[in-house]
Amino acid sequence: MSDGNYFDGEADKVFQARDVYGSVHFHGPKQPAAPALQVQAPPEHYRNNQPQLDLLTEIHDAASDRVAIATVRGAPGSGRTTLCETWLHQHQGRFDRIYEVRVGHRVGADVLAELLSKLGYGLDEMPASLEGRSAMWQAQTAEFKVALLVDDALSAAEVKALLPTHPGSYVLVVGSGLEALRARYSARDVELEPLSDEAALGVLTALVGEEKLAAEPEQREELLRICAGSAAELNVAGMILARQGGTVQRLLARIRAKGALASAVFDVAYDLMGEREQAAYRLFGAHPGSGDVRLETVAAVLSLDEFDAEDALENLVSAKLIEVIKGRYRMSELARLHAAGLGGDLEEIVVGYYAGHGLKIAERALHTRWPEKIWPGFVRASVPEADAWEWLFAEQANLLAAAEVALQAGAHEDVIRLARALWPVYKDGAYPVELAAVSQDAVQAAQAAGMPLAEGQVRTQLGFARMQRRDWAGAQEQYAAAAELATTPEEHASALEARGLAFFEPGLIARQQGRPDDAVSLLEQAEVCLRESLALAEQIGARRRLGLIQMHLAKVVPPEEAAVLLAQAEQDLKDEPGNLVKIRLWRGRKLIEAGSYEEGAAELAELDSVAEQSRLHRERIAALWSRAEAALARGFRDQAKAHVEDALSIARLHGFTAEAADLLIWLGRL
């Protein structure tokens with residue numbers, strides 16, 4: 001029978017005119033982007049590396065029936081990226097789409113999000129996981145010959161997730177640690193040697209002018225020797241001469257004063273900067289991770305207004321010391337090596353900024369109220385909630401990198417702040433490995449700092465990560481430790497709630513997999529914990545805490561009591577859309593448990609669109625699973641199978657690998 005968007009039963013043909021699952025896994029973007037066909041032309045002073053360009057052509061020609069991969073190797077500053085861009089500019093007609101992306105220390109899922117955004121997808125249209133986004137990227141580019149430039153790659157695994165599939169596509173990789181690409185994907189190396197004297201002179205001539213260089217031939221040769229064929233060094237030296245208007249002799253004098261080393265070119269460039277430019281330059285050397293920086297970060301760390309910070313950064317761009325890409329600034333690897341020696345105490349300041357500001361932003365996105373208990377006087381950020389979420393996902397890689405630096409520096413409270421700042425990003429279970437790593441570090445930091453309340457919070461995060469990986473014993477261990485650390489009724493209530501859920505999740509799976517004895521034992525233990533937590537919450541009188549525990553207790557009690565608890569929780573959590581979705585989910589599931597199959601399935605069917613808009617994909621999976629149970633109980637085996645297959649598609653698409661495995665087991669029993 002049909003009721004609105006709900007359908008359960010038998011019919012000859014049924015079409016649901018929203019999302020279609022099964023064999024169709026990916027939909028086109030709501031606003032498709034125009035095909036990317038243009039590649040930036042090489043700079044006028046670029047000098048030919050014809051043998052390498054010819055080899056890039058040869059590699060592509062030899063792989064017309066598959067995806068060609070070339071790894072471009074060379075010293076930092078040798079012009080590897082420019083070589084790739086030059087070849088792509090010369091051969092644009094070979095491809096239907098051309099893309100460029102930088103990896104560095106960024107999270108792989110974020111790199112794929114950038115690529116998918118170039119196809120027109122918004123974040124709300126993408127899977128959350130690396131695997132899901134990789135599959136979506138491959139599916140949406142399967143009909144096109146794609147040229148992809150992957151810059152600053154650090155491992156073959158990172159590149160593997162980005163590979164297109166259409167024969168004739170070409171992936172040009174600049175980076176290191178790529179041996180596995182050659183072994184597994186027959187990638188071929190292109191070695192970029194330092195520029196010849198002739199080519200190096202051509203670079204300087206284009207930047208400075210032939211007349212000035214010809215006037216000082218001996219000094220010109222000395223400058224070429226110092227730069228040693230490094231394209232980055234030559235660019236900086238050329239810009240110094242062009243902008244300052246001085247002689248080559250004067251530049252050499254400055255370099256000799258610095259020791260006549262190649263890095264002295266950067267020393268001279270640094271000496272010629274203004275105070276603000278020098279501070280910004282040092283910041284890039286001190287920045288953790290790949291050094292991919294927002295204007296707002298530079299302004300905040302250096303205590304500048306955004307206009308002054310922007311002026312300083314644009315001056316560094318003009319001096320060819322940094323570049324700007326999509327509103328974010330980055331420095332070349334060679335320049336960062338130089339700037340790192342000038343950073344001083346800026347690294348500590350940068351990490352402190354990400355820790356402090358990141359936690360304020362995280363609390364704006366997800367008001368947990370714990371930071372103000374751990375750090376009295378804490379105040380969350382006043383930015384719009386949507387902006388807070390955008391910031392957290394954009395800065396995820398920087399927060400992770402800052403956490404690693406803080407741990408090594410013994411900045412224990414910053415490690416804790418950064419782990420809590422990342423919680424909103426990880427709370428839906430899409431990054432269990434990263435969550436486990438940063439939470440484990442934060443546990444150690446909290447112990448070292450003697451902060452039991454903070455330790456309890458990060459242990460709860462670590463327990464959640466263990467649950468996402470189906471390590472029930474590990475989760476129980478963390479929640480038990482958190483309970484022992486609790487010193488107030490609220491802390492005890494929170495710890496007992498977490499322990500209850502750690503019993504409930506495996507109990508629910510045991511019941512779904514046909515292991516009733518295990519299910520009964522685990523669910524009974526969950527109920528004991530949750531009832532104790534409820535008693536404490538009633539003692540405390542905190543409305544939100546009470547609502548959360550009522551919602552969780554409803555999962556393990558009979559349907560009649562569950563209905564009362566869910567109604568109470570709905571009142572206590574009425575201002576939290578995400579939790580209201582979860583309450584509706586359990587209202588539908590409890591109706592099915594009570595034998596009201598049609599009513600419960602209808603409730604769950606209507607829930608799907610709301611859950612999707614809130615990106616609560618785990619709840620969508622659970623709802624479809626319960627609808628499958630309802631259909632099977634009514635004898636509609638094919639309909640049950642269809643619901644489970646839909647749930648499996650969502651799980652695979654959004655990276656819920658544990659749920660996908662559970663669904664496969666259940667599907668095998670049909």
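**View 1. The N-terminal stretch, residues 1-25, in the predicted model.** Over residues 1-25 the pLDDT stays under 50. For this stretch the model has 39 contacts beyond four places in sequence. The chain as a whole averages a pLDDT of 83, and 89% of the residues score at least 70.

**View 2. The five-stranded parallel sheet.** The strands of this open sheet follow the order β4-β5-β6-β3-β7, with parallel pairing. β4 (97-102) and β7 (188-191) stand at the edges; each has a single partner strand, so one side of each lacks a neighbour in the sheet. On average, neighbouring strands are turned by 20° against each other, direction ignored.

**View 3. Pairing of β3 with β7.** Strand β3 covers residues 68-73 and pairs with β7 in the parallel sense. Four bridges connect β3 and β7. Where does T71 find its bridge partner in β7? The partner is D189.

**View 4. Helix α2 on the five-stranded sheet.** Helix α2, made of residues 80-90, lies across β3, β4, β5, β6 and β7. Of these strands, β5 spans 146-153 and β6 spans 170-175. The helix runs at about 165° to β6.

**View 5. The three-stranded antiparallel sheet.** This open sheet has the order β8-β10-β9, and its pairing is antiparallel. β8 (293-294) and β9 (322-325) are the edge strands, each pairing on one side only. β9 and strand β10, residues 328-331, run antiparallel and are joined by four bridges. Within this pair, E323 has R330 in β10 as its bridge partner.

**View 6. The crossing of helices α25 and α29.** Helix α25 is formed by residues 489-512 and helix α29 by residues 577-593. Their axes come within 15 Å and cross at roughly 40°. An angle that is neither under 35 degrees, nor over 145, nor from 65 to 115 counts as oblique, and α25 and α29 are therefore oblique to each other. The crossing of α25 past α29 is left-handed.

**View 7. Residues in the contact of α25 with α29.** From α25, the residues F504, L508, R511 and Q512 take part. They meet W586, R589 and E593 in α29. What kinds of residue make up the contact of α25 with α29? Three are nonpolar, one is polar and three are charged.

Terms used: Residues numbered from 1 in each chain as written. Predicted model: local features only at pLDDT ≥ 70, side-chain atom pairs only at ≥ 80, totals over all residues. Heavy atoms only, no water. Axes fitted to C-alpha atoms, helices over the stretch in contact; angles between N-to-C directions. Helix = DSSP H or I, 4+ residues; strand = E, 2+ residues; numbered from the N terminus. Left-handed = near helix turned anticlockwise from the far one by under 90°. Contact = heavy atoms within 4.5 Å. Nonpolar A, V, L, I, M, F, W, Y, C, P; charged D, E, K, R; others polar. pLDDT = per-residue confidence, 0-100. Pairing = 2+ DSSP bridges.
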